[in-house]
Amino acid sequence: MSSELSVNHLLGIKYLQKEDIDLIFKTADHFKEVINRPIKKVPSLRDITIANLFFENSTRTRLSFELAEKRLSADVINFSAASSSVKKGETLIDTVNNILSMKVDMVVMRHPNPGAGIFLSKHVNASIINAGDGAHEHPTQALLDSYSIREKLGAVKGKKVVIVGDILHSRVALSNIFALKLQGAEVKVCGPKTLLPKHIESLGVGVEPNLKKALEWCDVANMLRVQNERMEISYFPSTREYIKQFGLNKKILDSLNKEIVIMHPGPINRGVEITSDVADSDHAIILDQVQNGVAIRMAVIYLLAARIKQ
Ligand code: CP
């Protein structure tokens with residue numbers, strides 16, 4: 001296994017090789033052991049400064065990155081667009097170059113525009129980690145999702161994963177499809193036809209419009225939130241209709257002749273894509289996903305920092 005990443009930035013899973021994912025997981029295994037110790041901190045990145053730039057709301061990703069950085073002993077500064085000079089018209093490049101002039105080495109950025117991280121990586125002198133760019137990619141989410149499947153089922157290769165819901169607006173879906181395919185999983189998507197991107201099959205995934213059949217096929221179901229904030233029109237007749245066809249509840253789960261693993265990236269719309277009794281059941285690994293996010297982000301930051309130091 002290679003001891004370094006093939007990339008200087010984490011802009012999307014699309015730009016990674018299978019060896020990169022293997023290395024990130026091996027490094028995360030080590031950090032997972034570290035964060036379960038009484039002293040959860042290592043001095044690895046005492047010489048690195050990281051700026052977390054969030055131009056869009058976040059709970060899990062923002063807190064998980066900040067915790068990962070602090071566990072690695074990096075210096076951390078946090079920026080929220082809502083309370084910044086972006087509101088006075090300052091551009092993205094000006095904003096970031098001003099932050100970098102304070103000797104910042106790495107930028108973690110969430111932005112509503114697809115490709116914002118790619119654009120930034122071409123214009124500024126720092127390592128960029130994409131923490132979610134519009135409906136494009138959310139690479140660390142896909143890494144922590146695959147890592148959680150590996151932890152629960154022993155491997156990702158050969159596993160059958162169905163991604164259910166609003167695939168069209170989901171950066172989590174696209175990054176997961178790239179990550180799962182790269183590791184040799186079989187992937188299907190399930191959701192209203194209006195919320196499936198045209199030509200989705202060209203990514204090597206199957207389409208199963210019937211939720212029950214999709215669940216009977218899979219080992220893992222990743223339930224996605226309907227992203228109303230990215231919709232300017234209605235994509236299905238009503239929420240009630242959506243729940244009837246694509247909502248996961250205990251009755252459907254109990255009707256399967258097998259156990260499946262339930263995942264959700266959060267935030268959950270309880271009672272819409274998943275009922276509380278399923279989300280809080282032993283089938284669900286939703287909070288394991290969140291816990292693994294810290295180790296995965298520590299691994300990504302640590303490995304990218306090693307490339308900065310070269
Ligand atoms: N899964 C995820 O990205 O959640 P947040 O939007 O809360 O960061």
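Colleague: Which residue has a polar backbone atom 3.3 Å from a nitrogen atom of the ligand?
Modeller: This is a predicted model. The contact pairs a nitrogen atom of the ligand with a polar backbone atom. The distance is 3.3 Å, and the residue is Gly-266.

Colleague: How much of the accessible area of the ligand does the protein cover?
Modeller: On its own, the ligand has 250 Å² of accessible area. The share covered by the protein is 91%.

Colleague: Which residue puts a backbone N or O atom 2.8 Å from an oxygen atom of the ligand?
Modeller: Oxygen atoms of the ligand have partners as well. Arg-60 places a polar side-chain atom 2.9 Å from a ligand oxygen. The backbone contact at 2.8 Å belongs to Thr-59.

Colleague: Which residues surround the ligand?
Modeller: Start with the contacts above. Thr-59, Arg-60 and Gly-266 are among the surrounding residues. The full set is Ser-58, Thr-59, Arg-60, Thr-61, Arg-110, His-138, Gln-141, Pro-265 and Gly-266.

Colleague: Which residues lie nearest the centre of the largest pocket?
Modeller: The pocket holds about 380 Å³ of space. Its lining has 21 residues. Nearest the centre are Arg-110, Arg-171, Arg-225, Gly-266 and Pro-267.

Colleague: Which elements give two or more residues to the lining of the largest pocket?
Modeller: The lining takes at least three residues from domain 1 (13-137 + 292-308) and at least three from domain 2 (139-289). The elements asked for are helix 2 (60-71) and helix 6 (171-182).

Colleague: How many residues in the lining of the largest pocket are nonpolar, polar and charged?
Modeller: Gly-266 lines this pocket, and glycine is put in the polar class. Arg-110, Arg-171 and Arg-225 also line the pocket, and arginine is put in the charged class. The counts are four nonpolar, ten polar and seven charged.

Colleague: Is the peptide bond from Gly-266 to Pro-267 cis or trans?
Modeller: Pro-267 sits in the loop between strand 9 (261-263) and helix 10 (276-279). Most peptide bonds are trans. Omega from Gly-266 to Pro-267 is near -5 degrees, and the bond is cis.

Colleague: How much space lies in the second largest pocket?
Modeller: Its lining includes Phe-54, Phe-55, Arg-62 and Lys-87. By class, the lining has five nonpolar, three polar and three charged residues. The space in this second largest pocket is about 150 Å³.

Colleague: What volume does the largest cavity have?
Modeller: The structure holds one cavity of 30 Å³ or more. The largest cavity has a volume of about 70 Å³.

Colleague: Which element gives the most to the lining of the largest cavity?
Modeller: Helix 2, helix 5 (139-153) and helix 11 (286-309) each supply at least two residues. Ile-286, Gln-289, Val-290 and Arg-297 are among the lining residues. With four residues, the top contributor is helix 11.

Colleague: How many residues of each class, nonpolar, polar and charged, line the largest cavity?
Modeller: Domain 1 (13-137 + 292-308) and domain 2 (139-289) each give at least three residues to this lining. Arg-60, Gln-141 and Pro-265 are among the lining residues, and these three are also among the residues around the ligand. The class counts are four nonpolar, four polar and two charged.

Colleague: Is phi of Ser-73 positive or negative?
Modeller: Ser-73 is in the loop between helix 2 and strand 2 (75-80). Most residues other than glycine have a negative phi. For Ser-73, phi is near 70 degrees, and the sign is positive.

Note on methods: Residues are numbered from 1 along each chain as its sequence is written. This is a predicted model: local features need pLDDT of at least 70, side-chain atom pairs count only at pLDDT 80 or more; totals for chains, interfaces and linings use all residues. Side-chain values use heavy atoms; hydrogens and water are left out. On a 1 Å grid over the protein atoms alone, a cavity is a set of points where a 1.4 Å probe fits but cannot get out, and a pocket is an open set with protein on both sides within 12 Å along at least five of seven lines; lining residues have an atom within 4 Å of a point. Grid points are joined across faces, edges and corners, and a volume is the space filled by probe spheres set on the points. Domain bounds come from an automatic or database domain assignment. A residue is near a molecule or strand if one of its heavy atoms lies within 4 Å of it. A polar contact is a pair of N or O atoms within 3.5 Å; within protein, one must be able to donate a hydrogen and the other to accept it, and residues adjacent in sequence count only if both atoms are side-chain atoms. Accessible areas come from the Shrake-Rupley method with a 1.4 Å probe; for residues, only the protein chains shown count as cover.
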